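User: I am new to this structure. Please take me through it and tell me how each label is earned.

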Number of protein chains: 2
Amino acid sequence: MSTPNVSGTASPPSGATAASRVFEALKQDLIRGRFAAGEKLAIGSLKTHYQVGLSPLREALNRLAAYGLLEQVNQRGFRVPPLRLDELDDIADLRSQLECMALTQAFQNGDAEWESQLLAAHHRLRRADERPEDVEAWEQAHLRFHRALLASCGSPWLLRFIEQLHDQFDRYRRLAPPNPGVRERLDRQHGELVQLAMERRIEQARALLDEHIGLSHGVARGACSAP
Amino acid sequence: MSTPNVSGTASPPSGATAASRVFEALKQDLIRGRFAAGEKLAIGSLKTHYQVGLSPLREALNRLAAYGLLEQVNQRGFRVPPLRLDELDDIADLRSQLECMALTQAFQNGDAEWESQLLAAHHRLRRADERPEDVEAWEQAHLRFHRALLASCGSPWLLRFIEQLHDQFDRYRRLAPPNPGVRERLDRQHGELVQLAMERRIEQARALLDEHIGLSHGVARGACSAP
DNA sequence: GAATTCCGAAAAATCGATTTTTTTAAAAAC
DNA sequence: GTTTTTAAAAAAATCGATTTTTCGGAATTC
């Protein structure tokens with residue numbers, strides 16, 4: 001792990017509590033792979049690293065464990081979940097299923113405002129594509145694009161689960177060795193998804209989204225070592 | 001709210017931390033509706049009620065908020081989520097979808113051990129049916145039956161989300177006025193589900209599970225007041 | 001020689017007190 | 001008469017210290 005995440009990409013602007021700030025910072029650092037998989041977290045060093053006291057830090061760790069980004073064992077602290085191939089497959093398969101479900105509903109409920117937001121998110125993503133040096137900007141734009149695609153689905157709980165799976169998935173993907181050829185194909189699919197969304201071609205869009213996640217899944221598998 | 005949950009139905013036997021104990025107790029009390037919907041939790045009185053210090057109590061509250069059984073607003077504490085009809089509908093619809101998905105996989109992967117556990121769980125549920133005075137015993141047997149039905153689905157993340165939705169759903173159902181006629185129909189459906197599971201009749205089973213949840217959904221709607 | 005027991009150090013969990021922020025209600029201003 | 005300001009009280013959040021439990025290695029036993 002490296003330097004503290006002073007101002008993360010999606011951190012609350014201000015007025016937040018220390019617990020919320022360290023929660024967001026830790027969450028981003030976990031997804032970005034700044035801790036080794038399976039590593040046991042040393043609370044003492046986290047305290048100095050994130051510059052917070054014990055109480056807010058422990059509250060943040062408890063939240064992250066409930067969210068699934070940490071494993072908690074009762075009298076022996078917190079550890080970063082290991083990267084397991086079977087778990088990644090589970091996450092990716094379920095992500096495909098849930099996102100296709102949400103996509104169908106999003107197409108049905110989507111209005112002009114949704115279309116506009118989707119176009120805007122796609123434009124931001126393309127602009128971020130042009131600056132490969134700022135990985136974090138691209139990652140944020142990418143996340144927001146996928147959110148915008150499903151935003152109009154109308155089911156808060158479905159979106160919640162998809163977000164959770166996305167965070168899990170990204171931890172694997174971001175730890176995997178980069179694959180430039182695939183990256184371009186993925187980028188092209190984003191544009192095609194927008195096109196299909198505008199025309200409400202649900203079946204083609206579902207197939208493409210499934211392929212999109214499958215392609216990313218293949219890349220992410222590179223993060224796993226053993227079984 | 002009433003007396004403290006000294007030994008909840010599913011509390012860890014021992015060796016648990018104070019935070020884990022109060023988490024389990026609070027979780028059960030929230031699902032059982034021992035707090036008013038929308039109520040703001042007074043941390044001071046929770047401390048005396050559950051006989052724990054501030055730190056483990058706050059850690060438990062943070063976990064419950066991350067799980068979705070509490071709402072947390074940054075500088076103003078924790079409150080019990082209100083009961084909203086549109087949210088219940090969302091929970092019930094998604095529960096149907098996810099459980100039918102899991103059921104299909106459970107039928108495909110289910111082996112003799114799964115069948116045995118399902119029969120055992122069903123038997124326990126029928127025995128609990130005979131003692132209507134012990135509501136908690138029936139509730140536990142019922143929860144375990146539904147777990148056993150989907151246990152062999154093979155997707156830990158799907159089961160996790162289903163469990164979470166089930167807890168959300170039960171909070172509504174248990175606050176709704178009882179409906180004796182429906183109760184008998186629901187009980188009969190459990191037996192039919194076992195029968196269909198043994199014979200792997202997936203389509204009929206999916207339809208029945210969907211109907212089962214829909215029926216319960218109708219009852220649970222009685223818990224909501226406004227829109 | 002392998003397994004077990006017994007320390008001492010390290011880490012996790014908890015407690016009690018302090019600080020910060022919000023809420024409430026009264027007083028003042030317009 | 002309504003709104004704004006102010007001050008006190010209450011509640012939330014945080015800190016530092018204490019207690020409890022686990023971990024690792026040396027000494028002991030079988």
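Analyst: This is a predicted model. Start with the largest pocket, which holds about 1,000 Å³ of space. It is lined by 37 residues, and those closest to its centre are Phe23(B), Glu24(B), Lys27(B), Tyr67(B) and Glu163(B).

User: What makes Phe23(B) a lining residue of the largest pocket?

Analyst: A lining residue has an atom within 4 Å of a pocket point. Phe23(B) is among the 37 residues that line the largest pocket, so it has such an atom.

User: Which elements give two or more residues to that lining?

Analyst: Chain A supplies H3 and strand E1 (71-72). Chain B supplies H1, H3, helix H6 (135-150) and helix H7 (156-175). H7(B) gives the most, with 7 residues.

User: How does the lining of the largest pocket divide by class?

Analyst: It has 13 nonpolar, 9 polar and 15 charged residues. Glu24(B), Lys27(B) and Glu163(B) line the pocket and count as charged, because Glu and Lys belong to that class.

User: Now the DNA. Which residues are closest to DNA strand C?

Analyst: Arg58(A), Asn74(A), Ala18(B), Gly53(B) and Ser55(B) are the closest of the 19 residues that surround DNA strand C. Sugar and phosphate make up 79% of the strand's atoms that come within 4 Å of the protein.

User: Why is the pair between Arg58(A) and DNA strand C called a polar contact?

Analyst: The cut-off is 3.5 Å between N or O atoms. An N or O atom in the side chain of Arg58(A) is 2.8 Å from a phosphate oxygen of DNA strand C. That is within the cut-off, so the pair counts. Asn74(A) has a polar backbone atom 2.2 Å from a phosphate oxygen of this strand. For Ala18(B), a backbone N or O atom lies 2.2 Å from a phosphate oxygen of DNA strand C.

User: Which elements give two or more residues to the surface near DNA strand C?

Analyst: They are helix H3 (54-67) of chain A, and helix H1 (18-31) and helix H3 (54-67) of chain B. H3(B) has the largest share, 3 residues. By class, this surface has 9 nonpolar, 7 polar and 3 charged residues.

User: Which residues come nearest to DNA strand D?

Analyst: Ala18(A), Gly53(A), Ser55(A), Arg58(B) and Asn74(B) come nearest, out of 20 residues around the strand. Here too, sugar and phosphate account for 79% of the strand's atoms within 4 Å of the protein.

User: How do you know that Ala19(A) makes a polar contact with DNA strand D?

Analyst: A polar backbone atom of Ala19(A) is 3.5 Å from a phosphate oxygen of DNA strand D. The limit is 3.5 Å, so the pair is accepted. A backbone N or O atom of Gly53(A) lies 2.7 Å from a phosphate oxygen of the strand. A polar side-chain atom of Arg58(B) lies 2.8 Å from one.

User: Which element gives the most to the surface near DNA strand D?

Analyst: H3(A) does, with 3 residues. The surface divides into 9 nonpolar, 7 polar and 4 charged residues.

User: Last, how much area do chain A and chain B bury between them?

Analyst: About 2,700 Å², with 53% of it on carbon and sulfur atoms. The contact takes 32 residues from chain A and 32 residues from chain B. On the chain A side, Glu59(A), Trp157(A) and Phe161(A) lose the most area to chain B, together 24% of what that side buries.

Technical notes
Residues numbered from 1 in each chain as written. Chains lettered and ligands numbered in written order. Predicted model: local features only at pLDDT ≥ 70, side-chain atom pairs only at ≥ 80, totals over all residues. Heavy atoms only, no water. Near = heavy atom within 4 Å. Polar contact = N/O pair within 3.5 Å; in protein donor to acceptor, adjacent residues only side chain to side chain. Helix = DSSP H or I, 4+ residues; strand = E, 2+ residues; numbered from the N terminus. 1 Å grid on protein atoms, 1.4 Å probe; cavity = no way out; pocket = protein on both sides within 12 Å on 5 of 7 lines; lining within 4 Å. Points joined across faces, edges and corners; volume = space filled by probe spheres on them. Contact = heavy atoms within 4.5 Å. Buried area = accessible area lost by both parts, 1.4 Å probe.
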